[in-house]
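Could you walk me through this protein, with its strands, its ligands and one of its pockets? I would like an account in plain paragraphs that I can follow with the structure open.

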Amino acid sequence: MKVLVLDGVAREGLQKLENEPGIVLDITKTVPEDQLIAIISEYDAVIVRSATKINKKVMSYAHKLKVIGRAGVGVDNIDLDEATRQGILVVNAPGGNTISATEYTIAMMLALARNIPQANTKLKNGEWDKKAFMGTELCTKTLGIIGLGRIGSAIAKRAQAMEMQVVAYDPYIAEKSVISTDIELVDLDELLERSDFITIHTPKTKSTRHLLNTEAFSKMKDGVRIINCARGGIVDETALYDALRSGKAAGAALDVFEEEPLTNSPLFELNNVVVSPHIGASTREAQIKVAADVANEILATLKGKLVKNT
Ligand code: NAD
Ligand code: MLT
């Protein structure tokens, strides 16, 4: 059986798969779609991060493909309907990068509140400017979490440790599941109206695309700060830009964008926007864990065993 590993998935996590008799691993960096199409028919399994899109066209050439492994959480780079139609299993690594993405989101919130990236840039450019960087405390502020899954819940705990008030919106979470947590489950409008900081932790689906649009911004507090380390396009970038320009929003911290990679955007020109190139899960620990989790699932699938996907 042949397994193609793309997108720089951590080799350290793939040892179990690599050492399995009868399995051959081809590990390579991200390749352009035409190259992928030229080779995909040889493989029984493919493992990707987020850069490679396994779409209908790619799958139409994947005659032997039995399983697609996503070394991470979001499966929005894989055409799930087409995979289902073709009987190809899709597995991911739902918990392997939770801590890294959580810690990164908290780092982004603090960077945003205290202008750390801007101060760093200015000082390194030779300017000692104490007055330009008046920040805001997190303590006593209300954090609105949209999507209270693995990362959203882990953020809530850490925000509460910093004495923030946490409200959350997640239509798929039962009230009783948060009873012992001091998290207040509210509807989306109430979250928008009450939050000083809003952070998003949902998957990107038809129902979450542009969830934060012009109408949503109009319901928010003046001076709200937005953090998106989930998926680009859940926040409408044009609506966000307008909110930042008008002063409705005091700032935004973004790790993800509607189009990626992205090196040029009107948002990058605003001084109150902190950005990074989708690195929320980029720690050694997380990358080894997601690779190992997905390798186990690929192995189980290829051996016809039960796939747990946990
Ligand atoms: P998860 O599946 O554990 O949680 C997602 C939560 O969103 C669930 O509780 C679900 O009920 C909720 N949800 C779904 N639709 C919703 C809606 N319309 N409104 C409100 N809530 C909704 O996922 P997770 O591991 O917490 O990951 C969250 C997001 O972060 C995903 O988009 C994932 O791809 C992304 N992520 C990004 C990075 C990064 O590098 N920046 C790293 C890890 C995860
Ligand atoms: C994810 O969904 O797990 C993240 O996008 C992390 C990544 O794979 O880069």
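Strand S7, covering residues 165-169, runs parallel to S8 and is joined to it by two bridges. If you would like a place to look, find alanine 168, which faces leucine 185 of S8 across the pairing. Since this is a predicted model, please read every distance and area below as computed from it.

Now step back to the sheet that holds this pair. Seven strands make up an open sheet with parallel pairing, and their order is S8-S7-S6-S9-S10-S11-S12. Its edges are S8, at residues 184-185, and S12, at residues 273-275, each of which pairs on one side only. As you look along the strands, keep in mind that side chains in a regular strand alternate between the two faces of the sheet.

Another set of strands begins close to the start of the numbering, with S1 at residues 2-5. Four bridges tie S1 to S2 (residues 24-27), and the two strands run parallel. Here lysine 2 sits opposite valine 24 of S2. S1 also runs parallel to S3 (residues 45-48), this time with three bridges. In that pairing, valine 5 has isoleucine 47 of S3 as its bridge partner.

Let us turn to the ligands. Which residues come nearest to ligand 1? Of the 25 residues around it, they are Arg150, Ile151, Asp170, Thr202 and Asp255. Several contacts here are made by the backbone. A polar backbone atom of isoleucine 151 is 2.9 Å from an oxygen atom of ligand 1, and a backbone N or O atom of threonine 202 lies 2.7 Å from an oxygen atom of the ligand. Cysteine 229 adds a backbone N or O atom 3.0 Å from a nitrogen atom of ligand 1. On its own, ligand 1 would expose 870 Å², and the protein buries 89% of that area. The shell around ligand 1 is made up of eleven nonpolar, ten polar and four charged residues.

Ligand 2 has its own surroundings: Arg49, Arg70, Ala71, Gly72, Val73, Gly74, Asn97, Arg231, His278 and Ala281. The contacts to look at here come from side chains. An N or O atom in the side chain of arginine 49 is 3.0 Å from an oxygen atom of ligand 2, and one in the side chain of asparagine 97 is 2.8 Å from an oxygen atom of the ligand. Histidine 278 places a polar side-chain atom 2.6 Å from an oxygen atom of ligand 2. Taken alone, ligand 2 exposes 270 Å², of which the protein buries 92%. Sorted by class, the shell around ligand 2 has three nonpolar, four polar and three charged residues.

Our last stop is a pocket. Rolling a probe the size of a water molecule over the atoms shows where empty space is left. The second largest pocket holds about 310 Å³ of space. Which helix gives the most to its lining? That is H6, spanning residues 116-124, which supplies four residues. Among the lining residues you will find Ile116, Ala119, Lys122 and Leu123, as well as Trp128, Phe133 and Met134. Taken together, the lining of this pocket consists of six nonpolar residues, one polar residue and five charged ones.

Key: Residues numbered from 1 in each chain as written. Chains lettered and ligands numbered in written order. Predicted model: local features only at pLDDT ≥ 70, side-chain atom pairs only at ≥ 80, totals over all residues. Heavy atoms only, no water. 1 Å grid on protein atoms, 1.4 Å probe; cavity = no way out; pocket = protein on both sides within 12 Å on 5 of 7 lines; lining within 4 Å. Points joined across faces, edges and corners; volume = space filled by probe spheres on them. Nonpolar A, V, L, I, M, F, W, Y, C, P; charged D, E, K, R; others polar. Near = heavy atom within 4 Å. Polar contact = N/O pair within 3.5 Å; in protein donor to acceptor, adjacent residues only side chain to side chain. Areas by Shrake-Rupley, 256 points an atom, 1.4 Å probe, with all protein chains shown as cover. Pairing = 2+ DSSP bridges.
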